[in-house]
Amino acid sequence: MTTVAAAAVLAVVTVFVPNLPLWVSPAVLSVLVIGFSIAWPVTVSPTPRWGISAVLALTGLASVWVVSLLPAHVEFSPLATELWLAPVGGAAALGVLLIFGVQTFSQPGGLQRFLATAMLCVGAVIASTTAGWAMLLRQKFEVAQGTLVIERITGLTWLMLTILVALAVAALATLLPTRRRNRMIAVVVGATLVAIIMQVIRPGVLSVPAVIGAAIAALIIALADSLSESNEAPRESLQHPLTAVALGTGTTIVTGMVGYFVINVLPW
């Protein structure tokens, strides 16, 4: 249900962003990052690890606010498809390095340290991808500011809403009382069908990217759901309430970068 709640909040921001101050979007995303940063370390240890949480929060907040506040004329690459991925990659690299530093001096050695470090590094990368939503929301804001009449539901808005609705449907499908394999099929098929229906209702140039983004979001949900039957993670961690928060906020965060990539990186 965390995924549904996070997706609903982002959907509201997405719809009303042209009428909101520029700082509102990164502020909402910052709350999402902080919640994820507190919860993610619990996936490898049932006890909170505030040092790791601080690193994850620093990574996510840096990527979000850098891409939100940089002047529009800043260019990191002559290639349009690489827009502002440089600060996002830099934040992710910094987070991974800090995770390695903290893990080197905080836990006993062995395989468990290696697996925990890998999982926490994944968390740093996820936190940095929050900038995907920041870039999409900023793009919509700037396009709206350049027009005489603000259109609340643009093609970009409909793509973002399609991905968020598909994400929520996929999350709800994980609650089906059936075998994991059947549940994963229901997650992907259900979310993709919903995305197709939404694009049939309002077709546009971004219809194909929207459906692809929704399908990828559903696959991410299915992958996260498979963690519930993991043998590597501590049983206490899997049963901890914050693990659900970590997976819910994490999957919502990642879909922003998915949306950015299907629009700007794939060759249309």
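# A walk through the predicted model

Helix α7 has 19 residues, which should span 27 Å at 1.5 Å a residue, and this agrees with its end C-alpha atoms, which are 27 Å apart. The model in which this helix is seen is a predicted one. Of the 19 residues of α7, 15 are buried, so the helix is largely enclosed by the rest of the structure.

The surroundings of this helix lead to the interior. The largest nonpolar core has 62 residues, and those with the most contacts inside it are L29, W40, I99, W133, L136, M160 and V187. Helix α7, which runs over residues 155-173, gives the most to this core, contributing 11 residues. One of the core residues with the most contacts, L29, can be followed to its neighbours: leaving aside residues up to four places away in sequence, L29 touches L10, V64, T130, W133, A134 and L137.

Among those neighbours, L10 leads back to the helix α1, where L10 is one of the buried residues, together with T3, A6, A7, A11, V13, T14 and V15. Helix α1 covers residues 2-16, and its 15 residues reach 22 Å from the first C-alpha to the last, which is close to the 21 Å expected at 1.5 Å a residue. As general background, an α-helix has 3.6 residues a turn, so residues three or four places apart point the same way.

A record adds another view of the chain. In an unreviewed UniProt entry, the annotation "transmembrane region" covers residues 24-43, 50-71, 83-102, 114-136, 156-177, 184-201, 207-224 and 244-263. In the model, the span of residues 24-43 is 80% helix and 0% strand, with its end C-alpha atoms 30 Å apart, while residues 184-201 are 100% helix and 0% strand, with end C-alpha atoms 26 Å apart.

Helix α2, formed by residues 24-39, contains G35. With a relative accessible area of 26%, G35 is partly exposed, because buried would require a value under 20%. Although G35 and V245 are 210 residues apart in sequence, their C-alpha atoms are 7.6 Å apart in space.

Aromatic side chains offer a further set of landmarks, and a search of the whole structure finds two aromatic pairs. In one of them, the rings of F36 and W40 have their centres 5.2 Å apart and their planes at 35°, so this pair is tilted. F36 counts as buried at 0% relative accessibility, and W40 counts as buried at 4%. The other pair joins Y260 and F261, whose ring centres are 6.1 Å apart and whose planes stand at 80°, so the arrangement is edge-to-face. Here Y260 is buried, with a relative accessible area of 1%, whereas F261 counts as partly exposed at 35% relative accessibility.

The last stop concerns charged side chains. A search of the whole structure finds one salt bridge, in which the side chains of D225 and R183 meet at 2.9 Å, N to O. D225 lies in helix α9 (residues 207-226) and R183 in helix α8 (residues 180-201), so the pair ties together parts that are 42 residues apart in sequence. Both D225 and R183 are buried.

Terms used
Residues numbered from 1 in each chain as written. Predicted model: local features only at pLDDT ≥ 70, side-chain atom pairs only at ≥ 80, totals over all residues. Heavy atoms only, no water. Helix = DSSP H or I, 4+ residues; strand = E, 2+ residues; numbered from the N terminus. Expected span 1.5 Å × (residues − 1). Buried < 20%, exposed > 50% of the residue type's maximum accessible area, 1.4 Å probe, protein only. UniProt positions renumbered as here; feature names shortened; annotations may be inferred. Core = buried A, V, L, I, M, F, W, Y, C linked by side-chain atoms within 4.5 Å. Contact = heavy atoms within 4.5 Å. Phe/Tyr/Trp six-rings, centres within 6.5 Å; stacked < 30°, edge-to-face > 60°. Salt bridge = Lys/Arg side-chain N within 4 Å of Asp/Glu carboxyl O.
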